[in-house]
Amino acid sequence: TIFDCIFMLKGSGYLDDAVGERMTAAAREQVKRAKRILVPSQYVGAEVVMALGAHPARVAVVELGCDHIVRNFPPEGFGKAREPYVLTVSRVDPRKNHLRMLEAFEMLVKEGLPHRWIVAGPRGYQHEIFERALAESPARSRVEWRVDVPESELPKLYAQADCFVFASLNEGFGLPPLEAMACGAPVVSSCVTSLPEVCGDAALLVEPTESERIFEAVRRVLVEPDLATELRSRGSKQARKFTWRECAKHTLLAYKKSLDAEVEEPKLRRSL
């Protein structure tokens with residue numbers, strides 16, 4: 001199973017280059033030996049074929065589930081939060097793009113909106129960059145970074161958010177937006193890598209390298225009640241497509257396929 005190929009992006013700043021090189025070498029070797037390669041999205045499947053040299057016939061897309069997040073959801077829901085907030089759930093590192101989300105949030109504060117921004121997630125690679133920016137931000141008093149949030153608290157956090165924002169620069173799947181949708185939060189997500197595939201038409205998709213675009217999308221969700229309601233409805237339908245039962249079923253099917261007699265694969269031809 002290969003969840004993403006982010007480790008291959010040398011010089012990206014997402015992880016140490018030496019670590020990435022070791023991971024890439026190991027992945028290439030495993031791909032050569034594997035009879036079946038499971039990936040969580042078509043996007044990662046294409047990367048595994050193009051960047052790691054896997055034959056397409058050996059790649060199986062097995063989408064993840066998000067129904068775990070609502071298993072202990074109270075029938076009556078969680079009600080309204082005491083103070084309105086925008087939420088991001090992810091590890092804090094450059095790939096997750098917290099710097100630009102902070103810039104977008106500063107614009108929201110300047111616009112006069114009353115919301116806080118709750119960041120739920122542990123410190124990751126080069127988290128110090130965000131820490132420094134947050135310490136110098138004019139909106140720092142309105143940002144709450146919760147480094148250690150128990151899994152049991154996430155459903156309430158998602159459900160009471162006025163908007164969930166996830167402007168990640170690169171994802172192999174992207175589970176947090178689906179979890180947010182399952183809990184009833186309207187979602188703003190980035191328009192790159194696997195996220196359009198996972199979110200479908202249930203989120204506002206934005207260019208993640210432009211803070212202004214993130215700001216505009218979140219602002220729309222916060223000031224246009226009809227849009228927020230529509231996104232909640234679409235999000236609920238989208239999230240129901242992704243269950244762990246389906247993930248298990250397709251994982252088992254892929255494993256069984258690997259036991260089939262080897263079929264000679266057609267040669268790949270490169271077209272100019």
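Cysteine 199 is buried, since its relative accessibility comes to 0%, and this residue is a useful place to start reading a model that, it should be said at once, is predicted. Where is the cysteine sulfur closest to the sulfur of cysteine 199? That closest sulfur belongs to cysteine 66, and because the two atoms are 11 Å apart, they are too far from each other for a bond. Cysteine 66 is itself buried, with a relative accessible area of 1%.

Seen from cysteine 66, the closest cysteine sulfur is the one in cysteine 183, at 8.5 Å, which is again too far for a bond. A disulfide needs a pair of cysteine sulfur atoms within 2.5 Å, and by this rule the count of disulfides in the model is zero.

Another buried residue is histidine 55, whose relative accessibility is 14%; a residue counts as buried when its relative accessible area is under 20%. Histidine 55 sits in a loop, with helix H2 (42-52) on one side of that loop and strand E2 (59-61) on the other. What does the side chain of histidine 55 reach at 3.0 Å? At that distance it reaches a backbone atom, the nitrogen of alanine 57.

From single residues we can turn to the empty space between them. Rolling a probe the size of a water molecule over the atoms shows where such space is left. In this model the largest pocket holds about 380 Å³ of space. It is lined by 19 residues, and those closest to its centre are Lys96, Glu171, Gly174, Leu175 and Pro176. Which helix gives the most to this lining? Helix H6, which covers residues 175-182, does so by contributing three residues. Sorted by class, the residues that line the largest pocket are nine nonpolar ones, six charged ones and four polar ones.

Finally, the protein chain can be taken as a whole. Its secondary structure consists of ten helices and eight strands. The radius of gyration of the chain is 20 Å, while the globule rule gives 19 Å for 272 residues, and because these two values are close, the chain is as compact as a globular protein of that length. Along the principal axes, the C-alpha atoms of the chain fill a box of roughly 65 × 45 × 35 Å. Of the 272 residues in the chain, 46% are buried, and cysteine 199, cysteine 66 and histidine 55 are among the buried residues.

Key. Residues numbered from 1 in each chain as written. Predicted model: local features only at pLDDT ≥ 70, side-chain atom pairs only at ≥ 80, totals over all residues. Heavy atoms only, no water. Buried < 20%, exposed > 50% of the residue type's maximum accessible area, 1.4 Å probe, protein only. 1 Å grid on protein atoms, 1.4 Å probe; cavity = no way out; pocket = protein on both sides within 12 Å on 5 of 7 lines; lining within 4 Å. Points joined across faces, edges and corners; volume = space filled by probe spheres on them. Helix = DSSP H or I, 4+ residues; strand = E, 2+ residues; numbered from the N terminus. Nonpolar A, V, L, I, M, F, W, Y, C, P; charged D, E, K, R; others polar. Polar contact = N/O pair within 3.5 Å; in protein donor to acceptor, adjacent residues only side chain to side chain. Rg over C-alpha atoms; globule rule 2.2 N^0.38 Å.
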